[in-house]
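User: I would like a close look at one residue and the helix that carries it, followed outwards into the rest of the fold. Please take it step by step.

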Amino acid sequence: MQSSGTVAPIFQLEGVSCRFGAVAALTDCSLSILPGERVALIGPSGAGKSTLLSLLNGSQVPTVGRVAIMGLEINRLGTRKRRRMQRLVGTVYQQHHLVGNLAVIHNVNAGQLGRWPLPLALWSLVWPQGVQRAAEALAQVGIADKLYARTDRLSGGQQQRVALARVLVQDPAAILADEPISSVDPERSRAMMDLLRQLSETTGKTLVISLHEVEFAVKYCDRIVGLRQGQIFFDAPATEVSKAMMTDLYEL
Ligand SMILES: Nc1ncnc2c1ncn2[C@@H]1O[C@H](COP(=O)(O)OP(=O)(O)OP(=O)(O)O)[C@@H](O)[C@H]1O
Ligand SMILES: [Mg+2]
């Protein structure tokens, strides 16, 4: 695949369509995302935001078209290479997928499981391994003191940070977040977005975030991709997205 300009894109979609049976979730989408960019995906419910994220992390393959992650087409790779590629992309989901009755460290270490041999992974459930790395990740997300806390005793916002720490121990090149702030109050939403921006600024990680809150998209991201009915309705720098564009995007 071709790169745009001198920097090779971290993600590239060419003529991508994605169908689920009779439903066209995405239709003929083309998009390049460069390393270090902060991109918001916005658009009405059902527009295809989560589907696009699942293509970017390789958990879904397109029905038509090509998706490349760091120049490699994920559906042309063998299983091992594909897994290695997938570890370079960390995803934080709205439903954090944490195991509530385990200590935070075990949930954070789940981000390492793909790299650990099975005996080490099992041993870690009895005697936690990777303590320093997990502690560093928790410090990065501002809850260093929760290492051994039971996960379901944490607040929703803190659990979200555990999910982010689990992604950080993977040391991914890109972080994808699917509606990371839709279940928390405005203050926690700001704190989470501040944290994501600060992580991308200090580590250079690429961020792709699906958001329903357009004001956060404009404030925290450099670029906004508006999706509507499975198509890219606009793709523009945040500073160039007008109220009229937003209104048209969400028009019923
Ligand atoms: N696994 C699936 N099986 C069947 N249909 C699906 C599946 N995933 C998504 N779809 C359909 O694809 C379309 C796009 O869904 P998607 O979840 O990507 O939208 P979204 O923009 O993330 O919406 P929301 O804002 O509500 O999260 C919808 O019509 C949805 O019902
Ligand atoms: Mg979604």
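Where is Arg161 found?

Analyst: Arg161 is found in helix 6, where helices (H or I, at least four residues) and strands (E, at least two) are DSSP runs numbered from the N terminus. This is a predicted model, in which local features need pLDDT of at least 70 and side-chain atom pairs count only at 80 or more, while totals for chains, interfaces and linings use all residues. Residues are numbered from 1 along each chain as its sequence is written, and chains are lettered from A and ligands numbered from 1 in the order in which they are written.

Arg161 counts as buried because 25 C-beta neighbours lie inside 10 Å; the cut-off is 20 or more other C-beta atoms within 10 Å, with 12 or fewer for exposed and partly exposed in between, all C-beta atoms being placed from the backbone. Once its neighbours within four places in sequence are left aside, Arg161 has contacts with Val141, Gly142 and Ile143 (C-beta atoms, placed from the backbone, within 7 Å). Arg161 and Leu195 are 34 residues apart along the chain, and 9.3 Å separates their C-alpha atoms.

The helix itself, residues 156-168, gives six residues to the largest nonpolar core, the most of any element. That core has 61 residues, and those with the most contacts inside it are Ala40, Leu41, Val108, Ala165, Val208 and Ile209; such a core is a set of buried Ala, Val, Leu, Ile, Met, Phe, Trp, Tyr and Cys residues joined through C-beta atoms within 7 Å. For Leu41, the contacts beyond four places in sequence are Lys49, Leu52, Val208, Ile209, Ser210, Val225 and Leu227. Among these partners, Val225 and Leu227 fall in strand 9 (residues 223-228), while Val208, Ile209 and Ser210 fall in strand 8 (206-210).

These strands lead to the open, six-stranded sheet, whose order is 6-7-8-3-9-10 and whose pairing is mixed (two strands pair if DSSP finds at least two bridges between them). Its edges are strand 6 (89-92) and strand 10, each of which pairs on one side only, and from one strand to the next the twist averages 15°. Strand 6 runs parallel to strand 7 (residues 174-178) over four bridges, with Gly90 bridged to Ile175. Helix 7 packs on this sheet, touching strand 3, strand 7 and strand 8, and its direction makes about 160° with that of strand 8; axes are lines fitted to C-alpha atoms, for helices over the stretch in contact, and the angles run from 0 to 180 degrees between N-to-C directions.

Further along the sheet, strand 3 (residues 38-42) pairs with strand 9 in the parallel sense over four bridges, and Val39 is bridged to Arg223 there. Arg223 also has Pro237 as its partner in strand 10, where strand 9 and strand 10 (residues 231-237) pair in the antiparallel sense over six bridges. These two strands make a hairpin with two residues between them, and in its turn Gln229 has a positive phi of about 50°.

Lys205 offers a second buried charged residue to set beside Arg161: Lys205 is buried because 21 other C-beta atoms lie within 10 Å. Its place is the loop between helix 7 (186-203) and strand 8, and its contacts beyond four places in sequence are Pro172, Ala173, Ala174, Ile175, Leu199 and Ser200. Lys205 and Gly157 are 48 residues apart in sequence, and their C-alpha atoms are 22 Å apart.

The other sheet is open and antiparallel, with four strands in the order 2-1-4-5; strand 2 (23-33) and strand 5 (72-73) are its edges. Helix 1 (residues 49-56) packs on it, touching strand 1, strand 2 and strand 4, at about 125° to the direction of strand 1. Strand 1 (residues 11-20) is joined to strand 4 (residues 64-69) by five bridges and to strand 2 by seven, one bridge partner pair being Gln12 and Ser32. Between strand 1 and strand 2 the hairpin has two residues, and Gly21 takes a positive phi near 60°.

Helix 1 also leads to ligand 1: helix 1 gives three residues to the surrounding shell, the largest share. The shell includes Phe20, Val23, Ala25, Lys49, Ser50 and Thr51, a residue being near if its C-beta atom, placed from the backbone, lies within 6 Å. Lys49 thus appears both in the ligand 1 shell and among the contacts of Leu41.

Notes: Two residues are in contact if their C-beta atoms, placed from the backbone, lie within 7 Å.
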